[in-house]
Amino acid sequence: MYGRMSRESPWITMREKDAFRKVSIDWHRITEGRNTAKSLAHMEQQAEADKFQRWRAFRQADMLDAFKRMMGPDAEFRGVQFAILQALMQGHKNVLGIMPTGGGKSLTFMLPARCSPGGVTIVVIPLTALEGDMVRRCKESDIKCAVWDAARPPEWASIVFVTPEAAVGQAFKRFMQQKKSIGELDRLVIDECYVVLDSRRKTAERDAWRPEILELYKTVEQSVQTLFLTATLPPRNELEFFDRIGINKHEIVKFRDSTTRKEIKYQVVDYEKEEEEEALQRMVDDKKRQYLGKQIVVYCSKI
């Protein structure tokens, strides 16, 4: 045997796969001579055919029925969820979904992955705190998923979660390119995509903050369907966002839902600088009395 599908073993490393690919190509040259190029072309055609079959299955699927089978008979689409799914089904290359926190953004990539197994969806998550919750929800919905591990690339997963820092690494780039070459890379999802507006490289005036996120958008394959998701992208920042990711506003399909949260309130507390600790303690005590027996979260620069 001189060839095998790379997904047969979930434990093989990228270095081993690269080495095996070189040996396999050399063997093709020996056994087939001038037919090697034709064989590779045939493999590429087959990969494209497999990808098209998955896309057709996704496009022909009854999304509401699939949603109910995944979440229960009472499940109903909310906000712009179905509109985003339709845009993906229609094959739009770049889709932007602006939905409130808790509005079901993850459904827009989980449901397509469930409806067309065999491919892989890459989900870039800037906030690692969300990974555990995402993995749990995928497993509850019988979707094979994994958090990226360069030592053990998850060849078997339908959804792969990765941080921006890891996504711009050579190991992950090879993984994504390999998935694309065999026709298994269905789409790329950038969750919490608003963070690109805060990313910056180091200058003389200020320190860098997650510059890898800026690099990430340069690696986005234009031939791969990309879904951008966020809950915090005001209309006034849209043009800056499009400029940062290098996409013309006419090249992206946008869906905006109301992100107003009536249950969320804020207040401004005035205090003297020397009374900062006392003011913070008073505020915490007031909130503890207000929400007696419940948990509260206080964000501050220091304690």
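This is a dialogue about how to read a few local features of a predicted model.

Biologist: Let me begin with the cysteines: how many disulfides does the structure hold?

Modeller: The general idea is that two cysteine sulfur atoms are counted as a disulfide when they lie within 2.5 Å. In this predicted model the number of disulfides is 0.

Biologist: Which cysteine sulfur is closest to that of Cys138, and how far away is it?

Modeller: The closest one belongs to Cys145, and because the two sulfurs are 4.3 Å apart, they are too far from each other for a bond. Cys138 has a relative accessible area of 0%, so this residue counts as buried, and Cys115, with a relative accessibility of 18%, is also classed as buried.

Biologist: Turning to the backbone, how should I read the sign of phi in residues other than glycine?

Modeller: As a general guide, most residues other than glycine have a negative phi. In this structure Asp142 has a positive phi, near 60°, and Glu192 likewise has a positive value, near 50°.

Biologist: Where does Asp142 lie, and is Asp142 buried or exposed?

Modeller: Asp142 sits in the loop that runs between helix H6 (131-140) and strand E3 (145-147), and its relative accessibility of 66% makes it an exposed residue.

Biologist: And where is Glu192 placed, and is that residue buried or exposed?

Modeller: Glu192 belongs to the loop between strand E5 (185-190) and helix H9 (212-218), where, with a relative accessible area of 13%, Glu192 is buried.

Biologist: Strand E5 also contains Arg187; what is the nearest side chain of opposite charge to this arginine?

Modeller: A salt bridge requires a side-chain nitrogen of Lys or Arg to be within 4 Å of a carboxyl oxygen of Asp or Glu. For Arg187, which is buried, the nearest side chain of opposite charge is that of Asp186, at 4.9 Å, and Arg187 has no salt bridge.

Biologist: With which side chain, then, does the side chain of Arg187 make a polar contact?

Modeller: The partner is the side chain of Gln225, and the contact is 3.0 Å.

Biologist: Finally, which residues make the nonpolar surface patch of about 210 Å²?

Modeller: Tyr291, Ile296 and Val298 make this patch. For a nonpolar patch, each residue needs over 30% relative accessible area, and Ile296, at 31%, counts as partly exposed. Along the chain, Ile296 is found in the segment that comes after helix H11 (276-290).

Terms used: Residues are numbered from 1 along each chain as its sequence is written. This is a predicted model: local features need pLDDT of at least 70, side-chain atom pairs count only at pLDDT 80 or more; totals for chains, interfaces and linings use all residues. Side-chain values use heavy atoms; hydrogens and water are left out. Buried means under 20% relative accessible area, exposed over 50%, partly exposed in between (1.4 Å probe, protein chains only). Patches are made of residues with over 30% relative accessible area and no salt bridge: like charges are joined within 9 Å, nonpolar side chains (Val, Leu, Ile, Met, Phe, Trp, Tyr) within 5 Å. Accessible areas come from the Shrake-Rupley method with a 1.4 Å probe; for residues, only the protein chains shown count as cover. Helices (H or I, at least four residues) and strands (E, at least two) are DSSP runs, numbered from the N terminus. Lys and Arg count as positive and Asp and Glu as negative; His and the chain ends are not counted. A polar contact is a pair of N or O atoms within 3.5 Å; within protein, one must be able to donate a hydrogen and the other to accept it, and residues adjacent in sequence count only if both atoms are side-chain atoms.
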